[in-house]
Amino acid sequence: MSGISDREFAETIAPAAVSHCSPARQLRIWLNIGIQSFGGGAATLYLIRRAAVEQHGWLTDEEFTRYWGICQISPGINLIGLCILIGWRVSGWLGVALALAGLLLPSAAITIALTAGYASVEHVPMVRAALRGTAPATVGLGLLLAYSMARPLLVAGRREGRANLALAWALLIGSALLSTRGAPVLALLWGAGALAALGYWRLGIRQGQTR
Amino acid sequence: MIDALVFFALMLKAALFSTSGIGNLPIVHQDLLDRGWATDRQFTEALAIGQISPGPSGLWVISLGYLLDGLRGAILVLIAITLPPLLVLLVHGFYRRLGDHPATQGFVRGLSLAVAGIFLVVLAGIMRGAGINITNLLIALGALGLGATRRVPVIVVLGLAALVGIALF
């Protein structure tokens, strides 16, 4: 990445000078988070923050917030990015490997086991009936998820003025409409991103609105 | 038949060009449905299982991988979603300079709004597949209401919905 000197990079993201946490202990901490984090992303985020900031002092509250902001603009699942950053901070690549293993192996294994269990009873009539109930419920929960994604952005838009709010609604509705027309989704997502980058740059936004 | 390599590449692409746990859904949905490798029903099942399993909510795609291609599919997905977040180490380098720039923040907003918008369309498709009738609408609204209170765990909401399904169908 141009413009970033090695020294600056090293300073901002160097593994903590004193890593008094043995690899086995790090793995145990992350496994604990991975196993306990039922209830979706918010629960996982809470557990990571508690372990990394409050219990082990790997980073300050401020750094944690900054790390989370970085993950918002990085590719892939934000929580995985967060544990990569923290793992790196604690003990470099080893820390990254331990964090990923601890967070993902238990939860992935449980996800696979649940799916396998489901797949083996999929054709039982009672399960089929149960599924006819859970399908619309999944839609209801999905609506909630979409709402919780869009709401903070619309609220921020409203605070910033009419033009910003209109742009937010236009992006939300426009992408939905275009996707029903079979537009390539990747182009749609990045088109919306580019439009918003340009739009909010011209219009100005208040800092720190997007979590 | 699912080509493992193409499947892996599609999952990797979706994770690479999106952010957050549900951000890859619109891309994965279009790619897999176009190829006839997945159905809306499988997406519904994977999303439901993803909601009740622990860890990041983005792990729903692991469940989808298992439904489509067994253990191999699940493991391919796990690798495909683990690699792109590693780029966070690079993003960290220029975040200090560009992270607060309105264009960067704007880009993330646009991406999230588009994901939410397209997700709504995907949900509408799932609902159409399940059948748009009073019963289904009431179940969906009930789940939405219970979920919105934030007091009722997702697994309880889905469990109740399953009981309603068993009682009615």
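This is a short chat about how chain A and chain B meet in a predicted model.

User: Anything to know about the model before we start?
Analyst: It is predicted, so local features need pLDDT of at least 70 and side-chain atom pairs pLDDT 80 or more, while totals for chains, interfaces and linings use all residues. Residues are numbered from 1 along each chain as its sequence is written, chains are lettered from A in the order in which they are written, and side-chain values use heavy atoms, without hydrogens and water.

User: How many residues does the contact take from each chain?
Analyst: Chain A gives 100 residues and chain B gives 92 residues, where contact means heavy atoms within 4.5 Å.

User: And what area is buried there?
Analyst: About 8700 Å², with 77% from carbon and sulfur atoms. Buried area is the accessible area (1.4 Å probe) that two parts lose on being put together, summed over both.

User: How many salt bridges are there between chain A and chain B?
Analyst: Two, a salt bridge being a side-chain nitrogen of Lys or Arg within 4 Å of a carboxyl oxygen of Asp or Glu. Arg41(B) pairs with Glu122(A) at 3.0 Å, N to O. Arg109(B) pairs with Glu160(A), with the closest N and O atoms 2.9 Å apart.

User: Are Arg109(B) and Glu160(A) buried or exposed?
Analyst: Both are buried, meaning under 20% relative accessible area (1.4 Å probe, protein chains only).

User: Switching to chain A, which residues form a salt-bridge network?
Analyst: Arg49(A), Glu54(A) and Asp61(A) are linked that way.

User: What is the salt-bridge count over all chains?
Analyst: The count is eight.

Key
Buried < 20%, exposed > 50% of the residue type's maximum accessible area, 1.4 Å probe, protein only.
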